[in-house]
Amino acid sequence: MKTIYKYLGVAALALSLNSCGDDFLEVTSPTQPSSDEYFSTKDHVEEAVVAAYDPLHWTDWGCGEYAPYILLADIMADDLWVGGSDANDNQNWHLMANYSATPLKVVTSLWVEAFSGVKRCNDVLQYIEAGIEDATEADIANWQAQVYVLRAFYANWLWKFYGNVPYFEKNLTSPYIAEQMSADELYGHMVGDIEKALELKVLPFRAADDKAGRVTTAMAYMLYAEIVMYQRDAARYSTALKYMKEIIDSPEYDLVDDYTTIFKEAGEWSKESIYEINYISENAVRDWGAPLVAGGTVLPTLISPNNWPSGADGHNGGWGFCPVRKETYERYSADDTRRDATCWNVGATGIEYNKRYQDFGFFLEKYAAQADGNAGQKASGELNYNNNWRIYRYSEALLNAAELIVATGGNAGEAKGYLNDVRSRAGLRTQLEPTLDNIIEERHLEFVGEGKRYWDLIRTDKAAKVLVPDEYGYRTNTWSENKKYLPIPQSEIDRSQGTLTQNPY
C-alpha cells in the first residue's frame, strides 16, 4: 500500500508559510483562531507534522524550477548528461554540470524548499513547547523524533549543495535574518538532531504498510551514516557501523532477489526499501498552476526521450533531460542485471524519436516514464507519474557496512561478504576483495541515478581525478575543492542585508 503524508487540512494549509514567496505579513483574523491557538490540540499538531513532510515532494518541480535533488548531484558526476534541447535549456543545470554556476545562474528553489522543510519542523517543536491539550508523552516524543530527523534531512540538502548557510532551530522573526554557519557547524546540528531522535526510542524500525513514508529508526540510521561518512568523522564510524549492522541483522530488511523489479511500481516499499519519497498518480491533482499539491512526480517526464511514441517499448515520452552516458552503459558487464534495469537502450529499439542534446541513445530506466505510469491522474499528466523516489536501500546498508569495516580495521571477511552479497544479487560470480576502490565502484554500479555518485567522489578524494573535461566538449572544466559548494543564490545574498558571505566558486 502506498500512503502519501501530504494531504493537509484546510486550516493547516492556510496557516503554513507561503514557502515559495516573500510575503511574511502576519494578519490577525477577528474570527479565526491564531496559529498558536489552532495547533494546541493533538489532531491539529498531527496536521503540522504532515505539513513538515510536504517539502520532500517539491524539488522535482516547485517554486518555478526543476531541481530533483537526486539528479542534480548525478549531473555533476560522471553518469548522466544534462540534455534537453541545447546548453541553454535548464541552463543552470548545464552550468552546474560544468562547475561554472554563478550566483545568478544556479539552482535556487532547492534552497527555498529545504528551508521550508526546516521551518515546518520548527513549527511542530514550537507548538509542542507551548503545550498540547490532549497529547500523551508518547505522542509528543513521536512528533519530536519525526521532525528532528526530517529537519536533519532537509539540512542535508543545504549542507551538501551550499555548505555554509544561515541556519535556525527556532523560526525567525522580522527582519528574518539568521546567522550563517560553516558547513562543519551545520554538520554538528544535523548529527545532534538525529541523536536526539534516536534517544527518544519511539520510532518504529520499519513503518507499517499504512504508514510507509514516515520516518523510521532505520531511515535515521541511514541518514546518520550518510552524513558521518561524508564528513569523514572517524570518531563516529563505529556508531554508524553498529547502525548498519542492526539493519543488516534485522528480519525487516533484505535484498530483493531480482534487481530489475526494484524500481517498478510493484517494487515500491519492498523488503529492500528503507526509505522512499512517495508519489501517486491515482486521483492526483498536481498541476502547473498548483505544483505543490498532492500527486505524482514530473521526474519521468523530465528524463524520457522526446517525442517518443506513446506506449512504445512500454514507455511514454518526455523532454530528453538527463540522458545516460554511453560510458555508463559500457561500464557494466553483459551479465550484470543492473545494466538494463538502469540504462534503457533506446538506440537498440529502432524506434524513431526526437534525439536531443547530449543524447547517445541511453536513458535512465529506473525512473523512465512507463506507459501506464500516470494512470488515474486528474490534472496534468506530465506532472503526475506514480514513481516513488528510492532514497535508502538495503544494498546501501551492506556497502556502507563494508566500507566502515575497512575504515575501522574490522573483520575483512565480513566486509567481503557484504560487498559480494550485492554483486551476487546482480548476477556476478566473481568475488572481489573489500578494498575502498572496489566498494566505491560497486556503489557506482548499484546507484546510478540515485544521487550517490557525486558525493562519493568528493568524500573519497576522487572527484578532482574523475570529474575532468570529456572528449565531447560538454564538460570543459575540472572539479576542484572550491567547487565543492554551489554559489549561494544572489537573491539570498541580496535579502541577507550584508550578513551572508558568498561561497568561493
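**Exercise 1. Find the loop that holds R232, then state what phi R232 has and how far R232 is exposed.**

Step 1. R232 sits in the loop between α9 and α10 (237-249). The model is a predicted one.

Step 2. Phi of R232 is positive, about 55 degrees, although R232 is not a glycine. Most residues other than glycine have a negative phi.

Step 3. The relative accessibility of R232 is 42%. Partly exposed covers the range between under 20% (buried) and over 50% (exposed), so R232 counts as partly exposed.

**Exercise 2. Describe K201 by its loop, its phi and its accessibility, and give its distance to N142.**

Step 1. The loop between α8 and α9 (217-231) contains K201.

Step 2. K201, a residue other than glycine, has a positive phi near 55 degrees.

Step 3. Exposed means over 50% relative accessible area. K201 has 74% relative accessibility and therefore counts as exposed.

Step 4. N142 is part of helix α7 (residues 137-161). At 24% relative accessibility, N142 is partly exposed.

Step 5. In sequence, 59 residues separate N142 and K201. Their C-alpha atoms are 8.8 Å apart in space.

**Exercise 3. Which two residues does a cis peptide bond join, and where does P175 lie?**

Step 1. The cis peptide bond joins S174 and P175, with omega about 15 degrees. Most peptide bonds are trans.

Step 2. P175 is in the loop between α7 and α8 (183-200).

**Exercise 4. Is T297 buried or exposed, and what does T297 contact?**

Step 1. T297 is located in the loop between β1 (273-277) and α11 (299-303).

Step 2. The relative accessible area of T297 is 0%. The limit for buried is under 20%, so T297 is buried.

Step 3. With neighbours within four places in sequence left aside, the contacts of T297 include D60, Y279, R286, E382 and W389.

Step 4. With D60 there is a polar contact, side chain to side chain, at 2.7 Å.

**Exercise 5. Decide whether the radius of gyration of the protein chain agrees with that of a compact globule, and describe the chain as a whole.**

Step 1. The protein chain has 19 helices and four strands.

Step 2. For 505 residues, a compact globule would have a radius of gyration near 23 Å. The protein chain has 22 Å, which agrees.

Step 3. The C-alpha trace spans about 65 × 50 × 45 Å along its principal axes.

Step 4. Of the 505 residues, 59% are buried.

Step 5. Among contacts with a separation of 6 or more, 72% are between residues 24 or more positions apart.

Methods. Residues are numbered from 1 along each chain as its sequence is written. This is a predicted model: local features need pLDDT of at least 70, side-chain atom pairs count only at pLDDT 80 or more; totals for chains, interfaces and linings use all residues. Side-chain values use heavy atoms; hydrogens and water are left out. The radius of gyration is taken over C-alpha atoms; the globule rule is 2.2 Å times the number of residues to the power 0.38. Buried means under 20% relative accessible area, exposed over 50%, partly exposed in between (1.4 Å probe, protein chains only). Contact means heavy atoms within 4.5 Å. A polar contact is a pair of N or O atoms within 3.5 Å; within protein, one must be able to donate a hydrogen and the other to accept it, and residues adjacent in sequence count only if both atoms are side-chain atoms.
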